[in-house]
Amino acid sequence: VPRLGLSLLGFRKGSQDAPRPRGAGTSTFWILALAAATLLLMGWLLPWFVEPFSAGVGFSPMDVIAGGPVSIGSILVYLLGLAMLVVLLSPAAELRARVRKRPIDPRWDRIRLYVVAAGLVLTIVIFLLYRVIQEEPLFGPVDSATITDSAVWLTMVGYIVAGLAYGARSWVTNHPNAAFAGVALPFAALIPLMFHQAPDFVFWAASSLAIYTLLALGLNVVVGFAGLLDLGYAAFFAIGAYTCAALSSPKYGLHLPLWTLIFIGAAVASMFGAVLGAPTLRLRGDYLAIVTLGFGEIIPDLATNNVGNLTNGPDGISSIDQPHFHLLGLDVNFATSPAWYYLALLVLVVVVIILLRNLEHSRVGRAWIAIREDEVAAAATGINTTSTKLLAFAIGASVSGLAGAFYGSMVGIVSPEAFSFSVSVAVLSIVVLGGIGNIIGVILGSFVLTFVIFWVLPGLNEWSTTVSKTVGVPALGNIDFTRYTYIVYGVALIGMMLLRPGGLLPSRARRVELESATESESLAAVQGRA
Amino acid sequence: VSDDVVTPAGAGTRRGGTLVDQRGLSERAHSGGANSPAAIQILRVLRLLYTFVQRFFPHILLIGIAVSVLLVYTSGGLTLMGEQTRNALVLGAIYALIAIGYTMVYGIIELINFAHGDVFALSGFYALIIGTSFGGAVSSLATGHGGGGLVLGLVIVFLATMAVAGFTGMAIERVAYRRLRDAPRLAPLITAIGVSFLLEGFMLIKYGPDNVPTKNQSWITGNAVSFGSVTIEWKQIFVVAVALFLMFALGAFVRATRLGKAMRATAQDRNAALLCGINVNRTVSATFFIGSALAAAGAIVYSINYGLIQWNLGYRLGIIAFTAAVLGGIGNIVGAGIGGFLIGVIYVFGGQLAGGQWSEALIFAILVIILTFRPVGLFGVDVTTRA
C-alpha cells in the first residue's frame, strides 16, 4: 500500500519510459487548431442563433447589419470577422499544402500569429466598449447580456487556443499534455463565468459531464490500462452512491460531510471491486466481460429487492444532504447553487487525472500494460498478475465510487434504475470513443458524448418543435430526439471499433501497435492463428 | 504460444487446475503478508472449495433443482408443482430457442453475439408487422377460417418472420463482425454491444417505451388437457412442440447436410476448413441466419403465448438465454436445448420459492458461478482445445 501511494504521487516513476517518438505531437496541433476554429465559430454563431429569441442586444451580426456600416463598433466587428476568417481557413490551407506535399511558407506562421493576437485584442476592446456602452461594470456579472457574454468568452478562449496552436507550435508538439492542460483547465473554469446568468441546467449538464468523465477515467484503468473488459461498471457507481446516501440522509440519522463520504464511497467501492474481481481473474476476456455484466445486473437487483432494508427498494434513498458551510465569509450552499458542485467536481477530476497519470507511468502502470499485451510474458518477467489485475479492478472501482458519492449528493435521491446496464455502456462508449488507454482521449470522449447526449439531442428537440411550427409539419415536432441516446452509443461503439479502433485520440502505445499491425498480422498468418 | 494455456475458458480441465496451483505459489512468493500459516490455511480451504464446486457443479445444480421442486411440492401440493412445471417448460422452450443462436455463433467464431437477444425482440416486431400486414389478411386467416386457415396463417408468419430475422442476423454479421474476425477478441464483443444498443434504440424510437400488445395471442386458444386441476392450454403445447421440432430439425440439418458438415468443420478449425475448400464466410453467414431464424421462432411463440413484446425485452431474456447456452456447454447445440429447459425450471421454481423478484438475480448468480467455476458447462466440449 505505501508503494502504491508513492506511485500515485508520482514518486515511483522509474526511468524506463520510452523516449517520445519524433513528431508524436503533431496530432495535438491539429486538435488545437480544430478546437480554436470550433470555439470561434461557436462564439460567432451563438448570437446568430440565440439573439433573435432573446431580449438582449449585443454585437451580433444582426446589429452590424442594422446599425449600418459606419459606426466604430461595427468596423471593429468587421475586423474581428476578418481575423476569425484567417484563423478558420488556415488549417484548411495547411492541410491542402500537406496533401499536395508542398512546403509551407514559414512567414505564414508569423502572420497568423499577428492576426490571432490582433483578434484577441480586438475581442477584448469590443467587450470593454460594449460594457461601457451598456453602462455595466467592466468586470463581473451583468444582468442582461448573457448570450453576448458567452459569445465573447468563447471567442477569447478560441483566440488563446489558436495562439497556442500557431504561435507555440514547437512547444505544443513537445509538450502535448501541458498544452492540453493549459487549454482545457481555463476553459473548464471559464464555463461558470461564461454562463453566469444562465439557468442551473448548464451547471447540471457540466456536472454530469464531470461525473461521466470521472467514471470514464476509472473504467479506463480497467479496460484501457489492464485490458479487462468490465461491463458491470455501473455497479461500483451504485455502491458509491448508496454508501453516500446511507451515511448522509435521514435513513440512519447519520449526516457525514461529503468530503469524508467520497473517501468512504471510494474505499467501499474499491473493496467490492477487489472482491468481485477476484473470481474473474482466471477467465478469458469475453467470459470476464460477461461475469462482470452479471455482477452489474445483480447489484441493482439487490438494491431493488431491498436486501437487509439497506436500500429502501425501488423507491431509493432520498433527501441526501448537500454541503453547506461558510468559507472565508462566503456562504457556500451546494443546495441552492449547483455551480459549487461543478467547481468541486472540476477539482476532483483534475486530482484524479494527476493521480492516474502518475500511476500509468509508474511500475504498476507498466505492469498493467504488460498484462494487457501478453499475460504469459508478463508473468514470466516476474509480475504478480493476480494482484496487479485486482489492483486495476480496485482502483477503477474506487474512482467510480468517488463519482457515485458525488452523484448521490448532487441528485439528492439514489434509486436502482439509475445504475442500469446503459450507464455501463455509456461509460464504455466514452472510453472507446475517446481512445482506449489514453487519459486525454477519454476526457475528450466524455466531452463529445455528453455534449451530444445532454446538449445536442435536447437541442434538436426544441429545434424540431420550432421548425415544425414554422414549416407546418407536425410530424417533425413529434420526434423525440432524446430517445436517440441508445443509437448514439451504438453508433459510437460500432463506428469506432470498425473505423478507428484506437479511438479519437489513440494512446501512444496503441498507435504504434496499430501502425505495426500489418506486421503482426502476417506473423499470425505464418503461425496459423489468424 | 497460444493464449488458451494461460486463460483457459475451461478452468474445469485439469490443465486449468495445475495452473491454479502455480498461481497460488507465485502469489505467496510475492506478497509478504501471505506467508503466515493462517493465510496459507485460508488459501488452501478456498482452493479446496474451488475444486469441489468445479468438480461437483452438475450434481450440486441438479440436486438443487430437485430439492426446490420438492419444496414447491410440499408447500403448494401437486397442483402448484404441476402448474409451475408447465410454466417452466414453456419458458424453457423459448430460452432454448434463443440459446441455440448463442451457442452456434460462439461455436463457430467464438463471439458472444450480444445483439442476439435484441434480434429476438426485433423478430417479435417483425411478426407483429407480418401478422397485421396485407390488410390483416394473415391475422384474419388465422382467426377466422378454421383449422386450415390457422395452419396457413402460422406457416406464413413463421416462414416470413424467420427469413427476415435470418437476413437481419446475416446483415449484422456482415457489417459489424466480419471485418473484426481476426481482431483482438474484445473488439467484436464491443461492436456486438453497439449493435445491441442500436437495435434497442431503433425499437425504442419506432415502438416507444411501453409494452406493445401483439395481436396474434388470440390465434391459438382453448385448453388441451387437464390433469386434475392443472390445465394445459393449446398454445403452451404449441410453444414446446415448435421448439422441440425446430431443435430436432436443426440437429438433423447439422448432422446430415453438406452445409451442416461445413459448419462443424469451421467450428473445429477455421483455417483447416478454409484449406479443405469450405467457404467460411458463407458458412458463418448461414450460422447467423439459422441462429436468428430460431430466435425469431422463439419470438413468435413468445408473442403467441404472452401477448406482449417490448423494446428492451431482448436484453434480459438474452442474458438468461446466454446463461442457458453456457450451462449446456457453449458450442454444444444439444446442451443449449437442455440448458434452456433447465434454466426455465430454475427461473420458475426459484422464483416460486424466493419470490418472483429474485428469479433474474438467481439466474445471473448462476451465470457468474458457471463462468467462474465451470466454464465448460454441464456437458460442454472443451473450448480450450480450439485455437
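Helices here are DSSP runs of H or I with at least four residues, strands are runs of E with at least two, and both are numbered from the N terminus. This is a predicted model, so local features need pLDDT of at least 70 and side-chain atom pairs count only at pLDDT 80 or more, while totals for chains, interfaces and linings use all residues. Residues are numbered from 1 along each chain as its sequence is written, chains are lettered from A and ligands numbered from 1 in the order in which they are written, and side-chain values use heavy atoms, with hydrogens and water left out.

**Exercise 1. Place A:Val456 and say which surface patch it belongs to.**

Step 1: find the element. A:Val456 sits in helix α18 of chain A, residues 439–471.

Step 2: check the cover. Buried means under 20% relative accessible area, exposed over 50%, and partly exposed in between (1.4 Å probe, protein chains only). With 32%, A:Val456 is partly exposed.

Step 3: look for company. A patch takes residues with over 30% relative accessible area and no salt bridge, joining like charges within 9 Å and nonpolar side chains (Val, Leu, Ile, Met, Phe, Trp, Tyr) within 5 Å. A:Val456 shares a nonpolar one with A:Phe447, A:Phe451, A:Phe454 and A:Trp455, and together they offer about 400 Å² of accessible area (Shrake-Rupley method, 1.4 Å probe, with only the protein chains shown counting as cover for residues).

**Exercise 2. Test the length of helix α10 of chain A.**

Step 1: get the expected span, which is 1.5 Å times one less than the number of residues. For the 14 residues 234–247 that gives 20 Å.

Step 2: compare. The end C-alpha atoms are 20 Å apart, so the two agree.

Step 3: add the surroundings. Of the 14 residues in α10(A), 13 are buried.

**Exercise 3. Describe how chain A and chain B meet.**

Step 1: count residues. Contact means heavy atoms within 4.5 Å. Chain A brings 48 residues and chain B brings 58.

Step 2: take the area. Buried area is the accessible area (1.4 Å probe) that two parts lose on being put together, summed over both. Here that comes to about 5100 Å², with 70% on carbon and sulfur atoms.

Step 3: list the salt bridges. The rule asks for a side-chain nitrogen of Lys or Arg within 4 Å of a carboxyl oxygen of Asp or Glu. There are three between the chains.
- B:Arg185 pairs with A:Asp286 at 3.5 Å. B:Arg185 is in the loop between α4 (146–177) and α5 (186–207) of chain B and A:Asp286 is in helix α12 of chain A, so this pair joins two chains.
- A:Glu297 meets B:Arg316 at 2.4 Å, N to O.
- A:Asp301 meets B:Arg316 at 3.4 Å, N to O.

Step 4: compare cover. A:Asp286 is buried at 1%, whereas B:Arg185 is partly exposed at 28%. Likewise, A:Glu297 is buried at 4%, whereas B:Arg316 is partly exposed at 22%.

**Exercise 4. Which sign does phi have at A:Ser319 and B:Glu110, and where do these residues lie?**

Step 1: recall the usual case. Most residues other than glycine have a negative phi.

Step 2: read the angles. Phi is positive in both, near 45° for A:Ser319 and about 55° for B:Glu110.

Step 3: place them. A:Ser319 is in the loop between α12 and β3 of chain A. B:Glu110 is in the loop between α2 (37–109) and α3 (116–144) of chain B.

Step 4: check the cover. A:Ser319 is partly exposed at 46%, whereas B:Glu110 is buried at 14%.
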